[in-house]
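The paragraphs that follow are meant to be read with the model open, moving from single residues to helices and then to the whole chain. Please keep the sequence at hand as well.

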Amino acid sequence: MIRLAATLRDMASRPSGAIGLTLVICHLLLAFISPWIVPFDYKEMDAVQTLIGPSSQHWLGTDHLGRDVLTRVLLGGREALLVTGIATPIAMIWGGLLGVYLGLRGGWADEISLRLVDAFLALPGILPLLVLITVFGSGGEVLMPTLAFFFGIPVIRVARAATHEVVARDFISAARARGHSALSIVRRELLPNVTDALLVEGAMRWSWMLLGFSALSFLGFGVAPPRPDWGLMVSDARVYMSLAPWGVIAPVVALSSLIIGINLTADALAKTLGLDQSRKAVV
């Protein structure tokens with residue numbers, strides 16, 4: 001806890017960290033309290049007030065069904081934050097542990113696994129997601145493990161590369177000489193030395209997973225209507241963009257500010273932990 005508090009103070013002292021943390025905390029706070037502060041019911045439609053501009057009653061106007069845009073924007077990040085907030089740690093845990101183990105073991109198992117990872121990464125990013133979601137459905141119980149699996153695969157390469165830098169050190173050779181098992185070396189020697197790199201990678205993965213989730217919703221494979229979601233809002237409003245651009249601009253600004261906040265936070269975290277981003281494996 002002491003190290004966490006010190007890390008947060010150091011991050012907040014940097015301009016990128018202060019801005020990033022502020023944006024992320026604001027989004028998390030709004031996602032939590034939005035059901036109690038929204039001015040309208042997100043399902044409430046008004047055929048008389050469709051595509052009206054911003055006004056004192058509807059601060060961000062209304063969409064093509066007469067629903068309040070501000071209400072739907074405030075509620076639109078809840079599902080994305082919930083799904084990706086659970087899927088990201090799962091992706092980091094399984095991908096990180098497997099990458100660390102492969103980096104320690106080396107040999108044919110490491111090479112074969114790396115070739116499989118390369119094969120997955122060669123596929124268009126969203127294609128395998130669409131295949132699985134089309135087959136099994138688009139509920140949260142499907143989206144979470146699906147996102148966790150596919151976004152955890154690149155983590156294997158990052159964890160493996162970080163492990164290779166540690167394996168060559170003398171204390172790993174000493175642990176092997178003492179007869180420690182691979183599991184013991186991973187837990188006691190490797191994980192403490194690669195955790196910082198995985199934390200930064202996890203922050204970046206979270207932003208990419210949010211983009212992936214929003215892309216799925218935009219294509220109709222994420223959040224099901226009438227529940228609000230930023231990607232779904234952009235998909236619905238793009239047809240009317242020439243008449244009512246606020247229906248697209250508002251969710252895009254909301255999503256962009258969250259992504260920017262996460263990336264700035266990740267950058268500040270990397271600088272605080274003394275990690276050189278240029279040395280990370282390209283994935």
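**A walk through the helices**

With a relative accessibility of 10%, L75 falls under the 20% cut-off and therefore counts as buried. The model in which this value was computed is a predicted one, and within it L75 belongs to helix α3. Leaving out residues up to four places away in sequence, L75 touches S34, P35, V38, Y42 and P228. L75 and L264 are 189 residues apart in sequence, and their C-alpha atoms are 23 Å apart in space.

Another residue of helix α3 is T71, which is buried because its relative accessible area is 0%. Once its neighbours within four places in sequence are set aside, T71 is in contact with V38, P39, F40, D41 and Y42. V38 and Y42 are thus among the contacts of T71, and they are also among the residues that L75 touches.

From here it is natural to turn to the packing of α3 against α2. The two helices meet at an angle of about 110 degrees, and their axes are 8 Å apart. That angle lies in the range from 65 to 115 degrees, so α2 is roughly perpendicular to α3. The crossing of α2 and α3 is left-handed. On the α2 side the meeting residues are H27, L28, L30, A31, F32, S34 and P35, while on the α3 side they are L74, L75, R78 and L81. Sorted by class, this contact of α2 with α3 has eight nonpolar, two polar and one charged residues.

Helix α2 itself is not straight, since α2 bends by about 40 degrees at A31, with a proline, P35, following within four residues. The buried residues of α2 are S16, G17, G20, L21, V24, H27, A31 and S34. An α-helix has 3.6 residues a turn, so residues three or four places apart point the same way. With that in mind, the reader may like to trace the buried positions, including G17, G20, L21, V24, H27 and A31, along α2.

Between α2 (15-37) and α3 (69-105) runs a loop that contains L51. The phi angle of L51 is near 55 degrees, a positive value in a residue that is not glycine. Most residues other than glycine have a negative phi, and most peptide bonds are trans. L51 has a relative accessibility of 24% and so counts as partly exposed.

A second backbone feature is found at P226, in the loop between α8 (182-218) and α9 (230-237). Here the peptide bond from P225 to P226 is cis, with omega near 5 degrees.

On one side of this loop, helix α8 holds D196, which is buried, as its relative accessible area is 17%. Apart from neighbours within four places in sequence, D196 is in contact with R3, L273 and L275. On the other side of the loop, α9 is mostly covered, with seven of its eight residues buried. These are W230, G231, L232, M233, V234, S235 and A237. What covers the buried residues of α9 includes α2, α3, α8 and α10 (246-272).

A further helix pair to examine is α4 with α6. Helix α4 (residues 107-122) packs against helix α6 (residues 140-167) at an angle of about 140 degrees, with the axes 10 Å apart. This angle makes α4 oblique to α6, and the crossing of the two helices is left-handed. The contact is made by D110, E111, L114, V117, D118, F120 and L121 of α4 together with F149, F150, I153, P154, I156, R157, R160 and H164 of α6. By class, the contact of α4 with α6 has nine nonpolar, one polar and five charged residues.

Finally, the parts can be placed in the whole. The secondary structure of the protein comes to ten helices and zero strands. The C-alpha trace spans about 80 × 45 × 30 Å along its principal axes, and buried residues make up 45% of the 283 residues. Among contacts in the protein with a separation of 6 or more, 72% are between residues 24 or more positions apart.

Conventions
Residues numbered from 1 in each chain as written. Predicted model: local features only at pLDDT ≥ 70, side-chain atom pairs only at ≥ 80, totals over all residues. Heavy atoms only, no water. Axes fitted to C-alpha atoms, helices over the stretch in contact; angles between N-to-C directions. Parallel < 35°, antiparallel > 145°, perpendicular 65-115°, else oblique. Left-handed = near helix turned anticlockwise from the far one by under 90°. Contact = heavy atoms within 4.5 Å. Nonpolar A, V, L, I, M, F, W, Y, C, P; charged D, E, K, R; others polar. Buried < 20%, exposed > 50% of the residue type's maximum accessible area, 1.4 Å probe, protein only. Bend = angle between axes of the 7 residues up to and from the residue.
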